[in-house]
Amino acid sequence: MEGLSQKKSPAAVSDVGAWAMNVISSVGTIMANKQLMSTAGYAFSFATTLTGFHFAVTALVGFVSNASGYSASKQVPFWELLWFSIVANVSITAMNFSLMLNSVGFYQISKLSMIPVVCVMEWIINNKNYSKEVKMSVVVVVIGVGVCTVTDVKVNLKGFICACLAVLSTSFQQISIGSLQKKHSVGSFELLSKTAPIQAVSLLIFGPFIDYCLSGIFIMNYQMSSGVIAFILLSCSLAVFCNISQYLCIGRFSAVSFQVLGHMKTVCVLTLGWLLFDSELTFKNIMGMIIAVVGMVIYSWAVEAEKQPGKPLSNSKTSLTEEEINLLKVGLDTSATVKDVEHAATKL
């Protein structure tokens with residue numbers, strides 16, 4: 001038992017570190033982007049192109065890491081990387097259009113709907129089931145974040161289509177991160193270093209035109225300053241850690257866990273907005289944040305409870321079939337077969 005606890009401890013520390021890096025880097029990126037893109041700041045309203053800058057710097061870091069031998073490069077079929085990058089870019093573009101065409105309230109509702117959508121998609125694609133406790137905690141988190149973020153809700157057809165496309169593509173992209181890592185036995189940083197160059201090139205080519213559709217201003221007509229360049233570099237630096245930690249978290253946990261605990265970033269952004277940018281923080285916001293945090297605590301407890309010995313695993317694919325159980329029963333008749341079963345078990 002002592003050995004198990006010692007093995008578990010470093011893993012737990014790594015898990016906490018991955019989540020901490022994701023929350024801190026994500027919130028930092030949002031704060032830098034808020035200063036960069038708000039009218040009170042530098043009014044740099046080119047979100048898609050900025051994301052292209054983020055992936056370009058991430059690709060550069062990956063290239064330097066591979067060239068210096070700090071990370072190893074494994075073979076992943078190019079068409080899978082291309083397909084993943086297309087889905088990821090559609091997610092980014094659709095999110096930006098959804099924010100432009102919909103009210104802030106409906107945009108927040110569409111983001112909240114990603115948790116149940118990811119659950120359904122994982123059930124369809126990976127045959128993954130969830131316990132009653134996990135489902136209950138997800139509902140509590142959605143209600144909490146909804147209370148503190150959703151205000152006016154206005155819907156139009158174009159905005160609704162963009163929101164649906166954004167939710168589906170983002171959910172599928174996050175599920176694909178974990179699937180690709182497991183399928184090709186690649187680490188989070190290795191996968192990111194392979195997809196980042198494709199995303200960077202495509203976003204830097206098409207991003208300026210997408211931003212022109214969104215803002216009516218072409219990036220070449222924007223007057224750059226030393227302050228803008230400094231905040232772009234800060235945003236890109238933080239985005240590298242944000243991208244790495246996203247792949248790291250989904251690889252370690254699941255897309256659902258990433259979505260649920262990721263709403264901690266929403267709570268942090270609201271709090272920091274109040275502290276740094278004099279944003280209004282109402283009683284409704286505070287109550288919503290408390291409910292969301294309670295839901296996250298329940299979710300963490302429910303996931304840990306599923307891992308306890310004696311509790312059936314949520315993924316039915318890991319269970320023994322009736323045929324396998326019968327074979328094991330027959331095998332218990334002779335000691336030789338027992339040894340074979342034990343030998344097979346060690347391979348599993």
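**View 1. The low-confidence stretch at residues 312–348 of this predicted model.** Over residues 312–348 the pLDDT (the predictor's confidence in each residue, from 0 to 100) stays under 50. Beyond four places in sequence, the model still has 20 contacts for this stretch, a contact being heavy atoms within 4.5 Å. Helix H14 (residues 335–347) has the lowest mean pLDDT among the elements, 42, whereas helix H2 (residues 47–67) has the highest, 91; helices here are DSSP runs (H or I, at least four residues), numbered from the N terminus. Residues 1–8 also have pLDDT below 50, with zero contacts beyond near neighbours in sequence. Where pLDDT is low, please do not read the predicted coordinates in detail. For the protein, the mean pLDDT is 76, and 75% of residues reach 70 or more.

**View 2. The largest nonpolar core.** Zoom in here on 14 residues, of which Leu81, Phe84, Ile177, Leu191, Ile244 and Tyr247 touch the most other members. Such a core is a set of buried Ala, Val, Leu, Ile, Met, Phe, Trp, Tyr and Cys residues joined through side-chain atoms within 4.5 Å; buried means under 20% relative accessible area, exposed over 50%, and partly exposed in between (1.4 Å probe, protein chains only). Helices H3 (78–101), H7 (157–184), H8 (188–215) and H9 (226–252) each supply at least two of its residues. A second, separate core has 13 residues, including Leu112, Cys119, Val145 and Ala302.

**View 3. A nonpolar patch on the surface.** Phe78, Trp79, Leu82, Trp83, Ile86, Val90 and Leu165 together offer about 730 Å² of accessible area, by the Shrake-Rupley method with a 1.4 Å probe, where only the protein chains shown count as cover for residues. Patch residues have over 30% relative accessible area and no salt bridge, and nonpolar side chains (Val, Leu, Ile, Met, Phe, Trp, Tyr) are joined within 5 Å. A salt bridge would put a side-chain nitrogen of Lys or Arg within 4 Å of a carboxyl oxygen of Asp or Glu. H3 gives the most, with six residues.

**View 4. Two loop residues with positive phi.** Ala43, in the loop between helix H1 (2–37) and H2, has a phi near 55° and is partly exposed at 35% relative accessible area. Ser185, in the loop between H7 and H8, has a phi of about 55° and is partly exposed at 49%.

**Notes for all views.** Residues are numbered from 1 along each chain as its sequence is written, and side-chain values use heavy atoms, leaving out hydrogens and water. In this predicted model, local features need pLDDT of at least 70 and side-chain atom pairs count only at pLDDT 80 or more, while totals for chains, interfaces and linings use all residues.

Notes. Patch = residues over 30% accessible without salt bridge, like charges linked within 9 Å, V, L, I, M, F, W, Y side chains within 5 Å.
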